Amino acid sequence: MSLHGKVALITGAASGIGRNTAETLAAAGAAVAIADIRIEAAEQTAAEIRAATGSPAFGLAMDVTDEQAVGHGTQAVIEHLGGLDILVSNAGIQIVSPIEDFAFSDWKRMLAIHLDGAFLTTRAALRHMYAHGGGTVIYMGSVHSHEASPLKSAYVAAKHGLLGLARVLAKEGAAHNVRAHVVCPGFVRTPLVDKQIPEQAKELGISEEEVVKHVMLGETVDAQFTAVEDIGTMIRFLCEFPSTALTGQSFIVSHGWHMQ
């Protein structure tokens, strides 16, 4: 299925995985909405994508934990780009801490961004998709949607929760030609991961080099980080797949860290 004429909304898209996903979909012909809590970065990314691909790109501010902001932002995308066919729920943060020291405020913030944000953006997108012939919803999970790691209780809980949301949407959305998937990267060398390296070294009492070698890449088959391009390519494939023969699945992109 060609992406020409399709409209994609990607959250957390001003940098990292979200940005590459937007670039990949735009290169395939889709119009892309760059939603990010940082409006200047979103608008700059959109301008650079327009220049590089010639595809329409629209930057907007969106706090995915704010119900009103999500509703207004989604409607703005529909009005500005003419519809909404693809949602990539990618916005996320990371906070590492032992459970006994994990602040409840941090727990709630983590789940709000990862799970509440996925729910709110999905609900807003579905109200358009159901009325206009269908669509594709893709959640940014993680190997931690399937595996657990020390110091990541909120993150692991949230990423596991995305599997449930996607599977329910796959069941409910099928009658409306809406598909849902979870893409589950291994460690991708983004600022989010770079921030974790010294934090985990401190908590685990090991060097930063040991965090990278043993904690992050120790279970891969080739000691390589997953690339943002790997994730963008997988998302493009799922968006282009032509039917609900493929729905409700999780796709692990992790250099063999987790095999399913």
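**Close-ups of the first three strands and two cysteines**

**View 1. Strand 1, helix 1 and strand 2 form a right-handed β-α-β unit.** Here the path goes from strand 1 (residues 7-11) through helix 1 (residues 16-27) to strand 2. Right-handed means that, with the strands pointing away from the viewer, the path from the first strand over the helix to the second runs clockwise. Helices (H or I, at least four residues) and strands (E, at least two) are DSSP runs, numbered from the N terminus. This is a predicted model, so local features need pLDDT of at least 70 and side-chain atom pairs count only at pLDDT 80 or more, while totals for chains, interfaces and linings use all residues. Residues are numbered from 1 along each chain as its sequence is written, and side-chain values use heavy atoms, with hydrogens and water left out.

**View 2. Strand 1 runs parallel to strand 2.** Five bridges hold this pair together on paper; two strands count as paired if DSSP finds at least two bridges between them. Look for Leu 9, whose bridge partner in strand 2 is Ala 33.

**View 3. Strand 2 also pairs with strand 3, again in the parallel sense.** Five bridges link strand 2 (residues 31-36) to strand 3. Ala 33 turns up here too, with Phe 58 as its bridge partner in strand 3, and Asp 36 stands opposite Ala 61. Add helix 2 (residues 39-53) to these two strands and you get a right-handed β-α-β unit.

**View 4. Strand 2 is covered on both faces.** Six of its six residues are buried, that is, under 20% relative accessible area (exposed is over 50%, partly exposed in between; 1.4 Å probe, protein chains only). In a regular strand, side chains alternate between the two faces of the sheet. Ala 31, Ala 33 and Ala 35 sit on one side, with Val 32, Ile 34 and Asp 36 on the other. As for strand 3 (residues 57-61), four of its five residues are buried, so the rest of the structure largely encloses it.

**View 5. Cys 184 and Cys 239 are not bonded to each other.** Searching the whole structure turns up zero disulfides (pairs of cysteine sulfur atoms within 2.5 Å). For Cys 184, the nearest cysteine sulfur belongs to Cys 239, 15 Å away, which is too far for a bond. Cys 184 is buried at 0% relative accessibility, and Cys 239 is buried at 1%.
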